[in-house]
Amino acid sequence: MKGKEMFNALVVTKDEEGKTAAAVQEIDTDQLPEGDVTVAVDYSTVNYKDGLCIGPGGGLVRNYPHVPGIDFAGTVEASDDARYKPGDKVVLTGWRVGEAHWGGYAQKARVKADWLVPLPDGITTRQAMAVGTAGFTAMLAVMALEDHGIKDGPVLVTGAAGGVGSVATAIIANLGHEVAAVTGRPETADYLTGLGATRIVPREELNETTKRPLEAETWGGCVDAVGGEMLARLLGQMKYGASVSAVGLAGGAGLPATVIPFLLRGVNLLGIDSVMQPYDNRLRAWDRIAKDLPMDKLEAMVQPATLADLPGLGRDILKGQVKGRVVVDVNA
């Protein structure tokens, strides 16, 4: 590995009273955690977990000082692992990076080689982070639906204006399926139709309470990025044998549902966890992203940001005020 070098990072600190603060600082490579590969980071993103890590109390942070950022893409600068050599383009999502291990909100990162994936041909590091953890999760969700068979009829995407929902909408539409996008923000309708949604479903329609465990068979599949009451409601609207890929808990971890949709309609509830995916599945997902995600639509999702913008963006994403994908240029 090279000698000590200085670089900029967003560092979260915690004082003796438990108060946290996030600020851009200049630190050096000797302060980086242990790992096999040092990466010159180009881009990271802003996800809900990042908001928790930056926000008051630190949320998911395991130790201080801490560099958040649960994903990044960049170029290998130094490597003790034969699989990666200087100059290789790589991407990382998951493995508690940005939570238990320093993450992508820095110009350099050091991680275990097993956590990385070579960036597929045809995708730039910026595009990789326009996809990011949210898009990677969306692809895992779509792949799970495909593995169980997508039924005829619209595919429902909840939380469609968010990171996971935006990418899922674009992927599913690009695969030739009709997409019904659920949103609580009417002003995002044009954005969602631009991604390929053919129907906009007001969130209120799925938040209405009902005592009926089964309703009309409507959806041929679903990517649910909300959970809670909404997930319970849509289970009773799935077509026979259809599947729901559940990827989020914004609506709560509870599931006030009955077993009837599973027993009488054979509905499949598929839990998607993007954190510790096997290498082969991560590689498969990124190859599918390169093939099946229209890059022109990807640009419509992107909001640019810098390290200095991150404290405010961390608060905004916790309030549900961020649309699409925020790509952080750590060198800007």
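By contact I mean heavy atoms within 4.5 Å, and with that in mind I would like to begin with how this chain, which is a predicted model, is held together across its sequence. Among contacts between residues at least 6 apart in sequence, 72% join residues at least 24 apart.

Let me stay with the whole chain for a moment. Its secondary structure comes to 10 helices and 15 strands. The radius of gyration is 20 Å, close to the 20 Å that the globule rule gives for 332 residues, so the chain is as compact as a globular protein of that length. Along the principal axes, the C-alpha trace spans about 65 × 45 × 35 Å. Of the 332 residues, 54% count as buried, while the chain exposes about 13900 Å², with carbon and sulfur atoms supplying 49% of that area.

Now to the strands, and I will take β9 as my starting point. Strand β9 covers residues 179–183, and 5 of its 5 residues are buried. As a general matter, the side chains of a regular strand alternate between the two faces of the sheet. Here V179, A181 and T183 point one way from β9, A180 and V182 point the other way, and all of these are buried.

What runs parallel to β9, joined to it by 3 bridges? That is strand β8, residues 155–157, and within this pairing V157 stands opposite A181 in β9. The connection between the two strands passes through helix α3, residues 163–174, and β8, α3 and β9 together make a right-handed β-α-β unit.

Moving on to strand β10, residues 199–202, we find that 4 bridges join it to β9 and that the two strands run parallel. A181 appears in this pairing as well, standing opposite I200 in β10. Helix α4, residues 189–195, lies between these strands in the chain, and β9, α4 and β10 make a right-handed β-α-β unit.

Further along the chain there is a second region that I would like to describe, built around strand β12, residues 243–246. Both faces of β12 are covered, with S243 and S245 buried on one side and V244 and A246 buried on the other. Strand β11, residues 221–224, pairs with β12 in the parallel sense over 3 bridges, and in that pairing D224 stands opposite A246. From β11 the chain crosses through helix α6, residues 228–235, to β12, and this β-α-β crossover is right-handed.

Helix α6 itself deserves a look, since 7 of its 8 residues are buried. These are G228, M230, L231, A232, R233, L234 and L235, a list in which you will notice that an arginine is included.

With strand β13, residues 268–271, β12 pairs in the parallel sense over 4 bridges, and S243 stands opposite N268 in β13.

I will finish with the cysteines. How many disulfides does the model contain? The count comes to 0 disulfides, where the rule asks for a pair of cysteine sulfur atoms within 2.5 Å. As for where two of the cysteines sit, C53 counts as buried because its relative accessibility is 0%, and C222, which also has 0% relative accessibility, likewise counts as buried.

Key
Residues are numbered from 1 along each chain as its sequence is written. This is a predicted model: local features need pLDDT of at least 70, side-chain atom pairs count only at pLDDT 80 or more; totals for chains, interfaces and linings use all residues. Side-chain values use heavy atoms; hydrogens and water are left out. Buried means under 20% relative accessible area, exposed over 50%, partly exposed in between (1.4 Å probe, protein chains only). Two strands pair if DSSP finds at least two bridges between them. A crossover is right-handed if, with the strands pointing away from the viewer, the path from the first strand over the helix to the second runs clockwise. The radius of gyration is taken over C-alpha atoms; the globule rule is 2.2 Å times the number of residues to the power 0.38. Accessible areas come from the Shrake-Rupley method with a 1.4 Å probe; for residues, only the protein chains shown count as cover.
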